Amino acid sequence: MSWGPIVVGVDASTAAAGAAALAQRIAREGGTDCQLVHALRDAWAPLAAVGEPGQVEEMRRLQLAVARQQVAGALKERVAPELLETLDVRFGPAAVVLQQAARERRAGLLVLGGKHHTALERWLGGSTSLNVVRTAEVPVLVTAGAPQAIRRILVAADLSDAARPTIALAERFAALVGGELRVLSVFEPLPILAGVPPVDPTGYYELSEELLQRDIWPRVKAKGAEKLVRHGMVVETLLRETTDWSADVLVVGSHGKGWAQRILLGSVTERLLNDLPTSLLVAPVAARVPAAQRPRAEVGPVREASATPA
């Protein structure tokens, strides 16, 4: 099964260079195209309504050219020259631009370089990778550092409907890179509620094991895949297993929780993106957004993009 083209969000950072290099290797192994995309804030937008149109457009072209030169210079040691020649630079918020590029090219995978942000930075400006994952219609690979090889893939499988697409994605990815696959299900302890007598967890764990054997393990089709159960809090257990097993990629499903749920309860995927213990591959299991409701990039009349496919 073809992956479809790979779209890579890049800037002039070391993280982006590592992501681009890995995406290039994956594209070659998968026999598909790779497209680098850089999103740029339009510094001249405030003058568009009051300035001379010709001058504003010329300054926009200059801004695009400078950005293209900077990004290409940062990536030239890590990716092929022909890939840099097709670098797509356009105005708009990074998450929206990448989603738009993915739809235009019918991408099968989005790749980003992961960056660690402080709590204040996430609160004020958010995270590009998190914003992309929240709305992604295709799998998103957020790389940690500059991985040279992918040998071990750990996939988190819970008892929800997210397990099926998450396991399927992990198996496809493992087959593509020739990696070893381990499927992990984490049983969390029952919560302790004030004023409520403790409950014997035996029945709870027995039911969870029954559901796992009936609904989840049969989804694992990859030959030689290891299936494990661990007890503990999900995020902490995944972080520990990732480290202990030296996983190169951790595969999880994005449940598409609403804004209020994320604020109140948090999200496993969000917490893993913040910690980023290893490269994270996220399966998009949320409902697809109707075309009429999709956000559009803030693309002005000026856009610099090669017409030659990657």
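A residue counts as buried when its relative accessible area is under 20%, as exposed when that area is over 50%, and as partly exposed in between. Keep these cut-offs at hand for this predicted model. Phe187 has a relative accessible area of 4%, so Phe187 is buried.

Phe187 is also a good place to start on the aromatic rings. The model holds two aromatic pairs. One of them joins Phe187 to Tyr205. Their ring centres lie 6.5 Å apart, with 25 degrees between the planes. Planes under 30 degrees apart count as stacked, and this pair is stacked. The contact links distant parts of the chain. Phe187 sits in strand 7, whereas Tyr205 belongs to helix 8, residues 202–216. The two are 18 residues apart.

Tyr205 is covered to another degree. Its relative accessible area is 22%, so Tyr205 is partly exposed. Tyr205 also pairs with Tyr204. Here the centres are 5.0 Å apart and the planes meet at 55 degrees, which makes the pair tilted. Tyr204 is partly exposed because its relative accessible area is 30%. Together, Phe187, Tyr204 and Tyr205 form one aromatic cluster.

Now follow strand 7 back to its partner. Strand 7 covers residues 180–187 and runs parallel to strand 6. Five bridges join the two strands. Arg152 shows one register point: its bridge partner in strand 7 is Glu180. The path between the strands includes helix 7, residues 163–177. Strand 6, helix 7 and strand 7 make a right-handed β-α-β unit.

Strand 6 has a further neighbour. Three bridges join strand 6 to strand 9, residues 249–254. These two strands run parallel as well. Val155 has Val251 as its bridge partner in strand 9. Strand 6 itself spans residues 152–156 and is mostly covered. Four of its five residues are buried.

The last stop is on the surface. Met59, Leu62 and Val66 make a nonpolar patch of about 220 Å². Val66 is placed in helix 2, residues 53–75. How does Val66 rank, buried, partly exposed or exposed? Its relative accessibility is 36%, so Val66 counts as partly exposed. Patch members need over 30% relative accessible area, and Val66 at 36% is one of the residues in this patch.

Conventions
Residues numbered from 1 in each chain as written. Predicted model: local features only at pLDDT ≥ 70, side-chain atom pairs only at ≥ 80, totals over all residues. Heavy atoms only, no water. Buried < 20%, exposed > 50% of the residue type's maximum accessible area, 1.4 Å probe, protein only. Pairing = 2+ DSSP bridges. Right-handed = clockwise from strand over helix to strand, strands pointing away. Patch = residues over 30% accessible without salt bridge, like charges linked within 9 Å, V, L, I, M, F, W, Y side chains within 5 Å. Areas by Shrake-Rupley, 256 points an atom, 1.4 Å probe, with all protein chains shown as cover. Salt bridge = Lys/Arg side-chain N within 4 Å of Asp/Glu carboxyl O. Phe/Tyr/Trp six-rings, centres within 6.5 Å; stacked < 30°, edge-to-face > 60°.
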